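Q: Please take a close look at one part of this model: the sheet and what is built around it. Which strands and helices make it up, and what space lies beside it?

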Amino acid sequence: MSVDLGPYLDAVPSAVVERIQSARRVLAVGHENPDADTLGATLAVSAMVEACGGRADPVCTDPIPELYDFLAGVERFRTDPDPDADYDLLVISDCGTIDRVGDVGRRHRALFERLPRVVLDHHASNDDERGPADWVDPDAAATCEMATLLAARLGVPLDTGNGALAAALMGGIVMDTATFAHPNATPRTLVVSAALVGAGAPLSDISRRLYRTKPERQLRLFGRVLDRLETTDDGRIAWSTLLDADLAATGTLPSDSEGIIDLLAQAETAEVAILFKEAPGGTRLSVRTKPGGVDATVLTGAFGGGGHARAAGATVELPPDEARPVVLAEATRLAAAVVR
């Protein structure tokens, strides 16, 4: 049974459609430290461009974690644009700011600034200066939700690639909704997801791979970080710290920390959960908050970050031991204003 996405297609800006249709060589870029949403959207953009007769190069400044090896076409990702390509369009997916593309944007600044662009993003904190084909929809649960509507508007079948397109798009939605457990999943999200399942996306398998399958080394990393769990006296703030030494001791990579913050956020009384991650030149924050309480973008925004109301991040240019008291003071202040 097919699912009608027609009622939702007016959300797709005509300028986005026109640029994708007319482009012949596209530089499709996702964000640094990639996740399933940026990867799925970038692969989907590439498939759409190629369905319209063009060529696309998917690019991510960082290596793709093996967690996402199940995404068909993920091996196509480059860390830099093709130096011999005559690009005529830049498409940036799932970046709350343009800087979120990471070092690849700095290495090729002139190219990024010269090309006409399309932006597909769903971060509420995205306040970059908008171009004529920048589509930012904070009501979308995932950028892949938006990309699905774009594909439908372009007339690109969702079962393209024997279901590979649908699977890539479903991966992003599953990750950003935690398989529809987060409050960002809307009726439109569910309709879009139903269309992807109808087009061949293996929902159960994707959910298992992203949320219920972990190598032993990753579980050992989780154990070290969870054993370091701390809370305020009233339990409203819960936090832990991930150190480089933890990665070395368990033989893991920074990407293996994916999911730890969601476990911290399960603390029953915590209004705010924070993971402090040691990073080059400072500390990376991952924040989760409970519905109806602290806006995570307000907390992370105080440190130059952003994201979504319930999930956001930032980087503080201090080592973890110095960043913690500063961030916890602001989190405590915001949590104190929450009345249940």
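A: The answer starts with the strands, moves to the helices and the spaces, and ends with a few sites elsewhere. Keep in mind that this is a predicted model.

Start with the strand order. Five strands form an open sheet, in the order β2-β1-β3-β4-β5, and their pairing is parallel. Strands of a sheet pair through backbone hydrogen bonds, in either the parallel or the antiparallel sense. The edges here are β2 and β5 (134–136), each of which pairs on one side only. On average, neighbouring strands are turned by 15° against each other, direction ignored.

Two helices pack on this sheet. Helix α1 (residues 14–22) touches β3, β4 (117–121) and β5. The direction of α1 makes about 125° with that of β4. Helix α2 (residues 36–51) touches β1, β2, β3 and β4. Its direction makes about 170° with that of β2.

Now zoom in on β1. This strand covers residues 25–29. How many of its residues are buried? The count is 5 of 5, so the rest of the structure largely encloses β1. Both faces are covered. R25, L27 and V29 are buried on one side, and V26 and A28 are buried on the other. Note that R25 is in the buried set too.

The partner of β1 at the edge is β2. Strand β2 spans residues 55–59 and pairs with β1 in the parallel sense over 5 bridges. Two of the residue partners can be named. R25 has R55 as its bridge partner. L27 has D57.

Next, the enclosed space. A search of the whole structure finds 1 cavity of 30 Å³ or more. That cavity holds about 40 Å³. C95, I98, R117, V119, N126, D128, R130, D134 and V136 line it. Strands β4 and β5 are the elements that give two or more residues to this lining. So how does the lining divide by class? It has 4 nonpolar, 1 polar and 4 charged residues.

An open space also involves the sheet. The second largest pocket holds about 240 Å³. Its lining consists of L90, I92, I98, D99, V101, G102, G105, R106, R109, F112, E113 and R117. Strand β3 (89–93) and helices α3 (103–107) and α4 (109–114) each give two or more residues to this lining. The largest share, 3 residues, comes from α4. By class, the pocket lining has 5 nonpolar, 2 polar and 5 charged residues. I98 and R117 appear in the pocket lining, and I98 and R117 also appear in the cavity lining.

One cavity residue leads on to a distant stretch of sequence. N126 lines the cavity. G307 is 181 residues away from N126 in sequence, yet their C-alpha atoms are 7.7 Å apart. G307 is in strand β10 (residues 306–307). Is G307 buried or exposed? Its relative accessible area is 4%, so G307 counts as buried. Beyond its sequence neighbours, G307 touches H123, A124, S125, T297 and A312.

Outside the sheet, look at one helix pair. Helices α5 (residues 143–154) and α6 (residues 164–177) pack at about 145°, with their axes 7 Å apart. C144, E145, A147 and T148 of α5 meet A168, L169, G172 and I173 of α6. The contact residues divide into 5 nonpolar, 2 polar and 1 charged.

Finish with two loop residues. K214 is in the loop between α8 (203–211) and α9 (216–226). D256 is in the loop between α10 (244–250) and α11 (260–264). In sequence they are 42 residues apart, but the C-alpha distance is 8.9 Å. K214 has a relative accessible area of 28%, so K214 is partly exposed. D256 is at 9%. Buried means under 20%, so D256 counts as buried. F222 is among the contacts of K214, along with L219. F222 is also in contact with D256, as are R217, Q218 and L221.

Terms used: Residues are numbered from 1 along each chain as its sequence is written. This is a predicted model: local features need pLDDT of at least 70, side-chain atom pairs count only at pLDDT 80 or more; totals for chains, interfaces and linings use all residues. Side-chain values use heavy atoms; hydrogens and water are left out. On a 1 Å grid over the protein atoms alone, a cavity is a set of points where a 1.4 Å probe fits but cannot get out, and a pocket is an open set with protein on both sides within 12 Å along at least five of seven lines; lining residues have an atom within 4 Å of a point. Grid points are joined across faces, edges and corners, and a volume is the space filled by probe spheres set on the points. Helices (H or I, at least four residues) and strands (E, at least two) are DSSP runs, numbered from the N terminus. Ala, Val, Leu, Ile, Met, Phe, Trp, Tyr, Cys and Pro count as nonpolar, Asp, Glu, Lys and Arg as charged, and the others, Gly among them, as polar. Axes are lines fitted to C-alpha atoms, for helices over the stretch in contact, and angles run from 0 to 180 degrees between N-to-C directions. Contact means heavy atoms within 4.5 Å. Buried means under 20% relative accessible area, exposed over 50%, partly exposed in between (1.4 Å probe, protein chains only). Two strands pair if DSSP finds at least two bridges between them. Lists of a residue's contacts leave out its neighbours within four places in sequence.
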